[in-house]
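The following note is offered as a guide to reading the structure shown below. Please keep the structure in view and find each part as it is named.

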Amino acid sequence: MGDEKRMDYNDQTITLYSSQADPVLRALEKYGVCYSKAAYVQRKYGESSPIFLTAYNWYVRHAEAFVPKPEHAEFPYWAFTDTYNVDTSAGGTILTLDVPMNEAVFFRAKDWNKILCLTLIGETEEEEALFREELSARGLHTTDIMLTSFYPEWKQKILKSWERLFRFHEETLKAGPGQVQGMQAGLWRIKKDWIRKPLN
């Protein structure tokens with residue numbers, strides 16, 4: 001990829017990429033800022049929404065410790081440090097955003113995907129493999145653990161491991177995002193003046 005598609009880190013601003021649907025673009029054009037709502041996630045994911053709501057609600061409770069959530073925000077927008085990781089499967093427009101570093105919560109995309117799968121984030125791949133083997137031996141599935149109240153000890157073990165999602169946030173702020181590959185960012189809002197290219 002050319003330089004324009006890589007992440008920039010300078011003057012406490014980071015270039016991020018985010019795919020957004022037309023309603024978001026219209027809101028940005030009209031109001032200059034847009035906030036994501038829980039209802040949007042429920043509508044988007046339908047029958048799968050309990051899984052996503054479990055993950056998103058956990059994220060909201062914990063990410064506020066790193067970047068305070070504005071009054072009108074309910075859920076985050078996702079942005080990425082390169083265009084490769086941007087999900088364009090649902091269409092939308094890829095926005096190039098110049099975001100203040102103090103507005104973003106940073107983590108590895110693959111760690112967030114583990115949360116979306118309602119599974120453990122291990123310190124190592126070996127720890128995760130052992131966890132999967134143990135579940136398999138007991139005939140358990142992570143969705144059963146996380147979406148019911150039948151396995152409180154297992155649920156607490158998984159939830160505790162999710163705190164590792166934020167293990168690279170402070171490092172990223174200090175060293176610059178280029179030091180950690182595959183980074184994703186949670187944004188409580190998107191502002192029109194962050195958009196490098198005009199909307200129209």
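1. The note begins with one helix of this predicted model. Within H7, the buried residues are Trp154, Ile158, Ser161 and Trp162. These residues span an arc of only 110 degrees around the axis, which places them on the same side of H7. The exposed residues Pro152, Glu153 and Lys160 are on the other side of H7.

2. Against which helices do the buried residues of H7 pack? Their partners are H3, H4, H5 and helix H6, the last of which covers residues 142-147.

3. One of the buried residues of H7, Trp154, also takes part in a ring pair. The ring centres of phenylalanine 131 and tryptophan 154 are 5.8 Å apart and the planes stand at 55 degrees, so this pair is tilted. Because phenylalanine 131 belongs to helix H5 (residues 125-138) and tryptophan 154 to helix H7 (residues 152-162), the pair ties together parts that are 23 residues apart in sequence. Phenylalanine 131 and tryptophan 154 are both buried.

4. Aromatic pairs deserve a wider look, and the structure holds 16 of them. In one, tyrosine 59 and tryptophan 188 have ring centres 6.1 Å apart and planes at 55 degrees, so that pair is tilted. Tyrosine 59 is part of helix H3, while tryptophan 188 is in the loop between S7 and strand S8 (190-191), so the pair ties together parts that are 129 residues apart in sequence.

5. Are the two partners of that pair buried or exposed? Tyrosine 59 has a relative accessibility of 1% and counts as buried because the limit is under 20%. Tryptophan 188, at 3% relative accessibility, also counts as buried.

6. Both residues belong to a cluster linked by ring pairs. Its members are Tyr56, Trp58, Tyr59, Phe66, Phe75, Trp78, Phe107, Trp112, Trp162, Phe166 and Trp188. The student may note that Trp162 is also one of the buried residues of H7.

7. Glutamine 184 should be examined next. This residue is found in strand S7, residues 183-187, and counts as buried at 3% relative accessibility. Apart from neighbours within four places in sequence, glutamine 184 is in contact with Trp78, Ala79, Phe80, Val105, Phe106, Phe107, Ala109 and Trp112. Among these contacts, Trp78, Phe107 and Trp112 are members of the aromatic cluster.

8. Alanine 104 offers a second position to inspect. Its place is in strand S6, residues 104-108, and alanine 104 is buried, with a relative accessible area of 0%. The C-alpha atoms of alanine 104 and glutamine 184 are separated by 9.3 Å, although these residues are 80 residues apart along the chain. Leaving aside neighbours within four places in sequence, alanine 104 is in contact with Val67, His169, Ala185, Gly186 and Leu187.

9. The final point concerns the largest pocket, which contains about 970 Å³ of space. Its lining comprises 32 residues, and the closest to the centre are Ser19, Gln20, Lys44, Tyr45 and Trp78. The elements giving two or more residues to this lining are strand S2 (13-20), helix H1 (22-31), helix H2 (38-45), helix H3 (49-63), strand S4 (77-80) and helix H4 (109-116). H2 supplies the largest share, five residues. By type, the lining residues are 19 nonpolar, 10 polar and three charged.

Terms used: Residues numbered from 1 in each chain as written. Predicted model: local features only at pLDDT ≥ 70, side-chain atom pairs only at ≥ 80, totals over all residues. Heavy atoms only, no water. 1 Å grid on protein atoms, 1.4 Å probe; cavity = no way out; pocket = protein on both sides within 12 Å on 5 of 7 lines; lining within 4 Å. Points joined across faces, edges and corners; volume = space filled by probe spheres on them. Helix = DSSP H or I, 4+ residues; strand = E, 2+ residues; numbered from the N terminus. Nonpolar A, V, L, I, M, F, W, Y, C, P; charged D, E, K, R; others polar. Buried < 20%, exposed > 50% of the residue type's maximum accessible area, 1.4 Å probe, protein only. Contact = heavy atoms within 4.5 Å. Phe/Tyr/Trp six-rings, centres within 6.5 Å; stacked < 30°, edge-to-face > 60°. Arc of directions from axis to C-beta.
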